[in-house]
Amino acid sequence: MPPPPARKKPGLPDGFKSFAEYNAARKEKNHLKQEYFLAKIEKQKQKKERKQKKKAPKVCAEPSTLSIAVPGSILDNAPSLELRTYLAGQIARAACVFKVDEIIVYDDVGIRDNTTAKTEVCLSDSGETRPTRKCCAQLARILQFLECPQYLRKDFFPFHRDLDYAGLLNPLDAPHHMRQDDDCRFREGVIHAQPAHNGSWAEVGLRQRVKLDIPLKPGIRVTVEMLPNCPEAKHPRGRVVSPKLPQIETGIYWGYSVRIANSLNAVFTECPFKEGYDVSIGTSERGEPVETASLPSHQHVLVVFGGLEGLEGAVESDDVLNVDDPKVLFDYYLNTCPDQGSRTIRTEEAILISLAELRTKLKPKVPVRALSKEIETDQNEVTSEGLESAHQSSEEGDQSETNVSGSREIGDDAPAPVETEIENGSASSETKSKLGKRSRKGTSFCEDGESSDPKKEKLNPVLDVSEGSTADYSNIKLKKKKKKKIKEGKTDNGIK
């Protein structure tokens with residue numbers, strides 16, 4: 001006799017012999033479910049981190065710089081104020097053309113001339129005031145005046161005798177000298193004295209002042225990044241950035257800075273860069289020909305020019321330097337114009353010749369063009385990713401539409417849509433009745449299989465006006481009479 005079937009415990013689900021087996025299976029299921037959700041959350045975190053890395057602004061290295069050192073005594077050789085001013089204008093034009101980042105005006109005859117009548121207090125771009133010779137102060141003042149944008153000169157340069165003929169000089173026409181109608185992301189400005197709530201006002205050469213989000217001391221020169229205009233804002237808005245940022249992000253030249261050095265050794269010891277000048281070049285007619293020189297890659301390069309007595313006179317007037325030959329002070333001592341026809345080359349001429357010759361020899365470690373290209377590629381990557389995601393979402397939307405309405409490509413085995421059935425005349429009466437019950441806003445199918453708007457059909461009945469056919473109005477009247485008879489319950493044979 002077969003054993004009786006095992007009696008099922010009350011409350012135990014099917015497929016389990018005991019509650020212990022059921023609890024073990026349930027625990028395993030919950031564990032798998034938990035692992036699945038944890039893996040999903042980790043995947044989402046990784047996706048967010050990738051997006052943040054791509055969206056985060058790339059920290060670019062500091063671009064390589066070019067500095068030149070010019071003696072202030074060259075102005076003493078000019079007999080009049082007009083010629084001294086014109087000489088300073090030539091140096092400023094040469095520095096702007098060859099994209100010089102720093103001009104150092106050094107005193108090469110300070111110790112030999114102990115008269116205090118030829119000294120005055122001068123302010124450099126670093127904000128330091130010091131007594132300097134009048135020729136150095138005048139050269140530095142004219143260089144600063146020409147570098148400053150025109151709409152800021154009245155705020156930074158009061159009337160001074162050294163600037164009497166500065167208005168007659170050729171303008172630098174540098175990229176940061178903006179016109180009023182120029183549309184640029186960055187602008188040079190000055191903090192205005194007008195009080196502002198939670199910020200300050202800046203004059204940047206536009207018709208209206210720009211509202212900054214940081215309260216600053218009036219009279220300070222700042223570099224302003226223009227923010228996108230809000231339709232509700234009455235004034236344009238901006239933020240203060242580093243003066244190096246326009247050159248890094250856009251690749252355009254953003255002017256030079258002026259520094260005053262009281263001696264030749266101060267040109268090296270008071271360097272504003274932490275690493276100092278990694279390549280120093282001295283120019284002299286006693287140097288090696290520039291054609292034979294091969295310069296290494298540099299981060300900060302310095303080119304020093306001599307005065308009337310050359311670099312030898314500058315070394316002699318410096319009590320700190322205990323050398324006889326200036327060649328020892330520089331990494332390279334070059335003659336940029338060998339086989340010259342004239343006995344002497346003026347300093348303003350030497351600047352143009354030397355910078356033109358060294359332009360092909362200099363090898364910056366971080367060129368400005370490379371930085372701007374990196375930023376452009378990062379922006380293009382972000383935009384391309386956005387376009388790809390939008391394209392993917394549109395493709396997903398198209399796929400969902402095809403899934404809802406049916407496959408758009410009809411194969412041999414795929415069933416034909418209802419519209420094709422009606423056109424072929426193979427649709428059943430049920431399908432026609434279903435299609436006839438559509439919304440009034442949509443199209444309704446007629447008995448002949450043609451789609452038309454019911455409202456338009458009443459006003460303008462559809463007529464067959466194709467080639468070789470004529471419009472038969474009597475036919476339409478007969479159809480209307482038949483419909484009336486059917487509604488009244490009559491036929492041609494009689495009453496139903």
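Two residues are in contact when heavy atoms of one lie within 4.5 Å of heavy atoms of the other. In this predicted model, among contacts between residues at least 6 apart in sequence, 66% join residues at least 24 apart. The protein contains 13 helices and 17 strands. Of its 496 residues, 33% are buried. The exposed surface amounts to about 33,500 Å², and carbon and sulfur atoms supply 52% of that area.

A suitable place to begin is an open sheet of six strands, arranged in the order 10-2-1-13-11-14 with parallel pairing. Strand 10 and strand 14 (332–335) form its edges; each has a single partner strand, so one side of each is left without a neighbour in the sheet. On average, neighbouring strands of this sheet are turned by 30° against each other, direction ignored.

Within this sheet, strand 1 lies between strand 2 and strand 13 in the order. Five bridges join strand 1 to strand 2, and the two run parallel. Here V70 stands opposite V105, and P71 stands opposite Y106. Strand 1 is also joined to strand 13 by five bridges, again in parallel, with A69 and V304 as bridge partners. Between strand 1 and strand 2 the chain passes through helix 2, and this β-α-β crossover is right-handed.

How many of the seven residues of strand 1 are buried? Seven of the seven are, so the strand is largely enclosed by the rest of the structure. The burial extends to both faces: T65, S67, A69 and P71 are buried on one side, and L66, I68 and V70 on the other.

The interior can be followed further through the nonpolar cores. In soluble globular proteins, nonpolar side chains tend to be buried together. The largest nonpolar core of this model has 52 residues, and those with the most contacts inside it include I68, L139, Y256 and L358. Several elements each supply at least two residues of this core, among them strand 1 (65–71), helix 2 (81–97), helix 3 (134–147) and helix 8 (347–358). Helix 3 gives the largest share, eight residues. A second, separate core of 18 residues includes A69, C271, Y277 and L302.

Helix 3 also has a place against the sheet. Packing on the sheet, helix 3 touches strand 1, strand 2 and strand 10, and its direction makes about 160° with that of strand 2. L146 is one of the residues with the most contacts inside the largest core. Leaving aside residues up to four places away in sequence, L146 touches G89, A92, R153, L169, L172, H177 and Y256.

How values were computed:
Residues are numbered from 1 along each chain as its sequence is written. This is a predicted model: local features need pLDDT of at least 70, side-chain atom pairs count only at pLDDT 80 or more; totals for chains, interfaces and linings use all residues. Side-chain values use heavy atoms; hydrogens and water are left out. A nonpolar core is a set of buried Ala, Val, Leu, Ile, Met, Phe, Trp, Tyr and Cys residues joined through side-chain atoms within 4.5 Å. Buried means under 20% relative accessible area, exposed over 50%, partly exposed in between (1.4 Å probe, protein chains only). Helices (H or I, at least four residues) and strands (E, at least two) are DSSP runs, numbered from the N terminus. Two strands pair if DSSP finds at least two bridges between them. Axes are lines fitted to C-alpha atoms, for helices over the stretch in contact, and angles run from 0 to 180 degrees between N-to-C directions. Accessible areas come from the Shrake-Rupley method with a 1.4 Å probe; for residues, only the protein chains shown count as cover. A crossover is right-handed if, with the strands pointing away from the viewer, the path from the first strand over the helix to the second runs clockwise.
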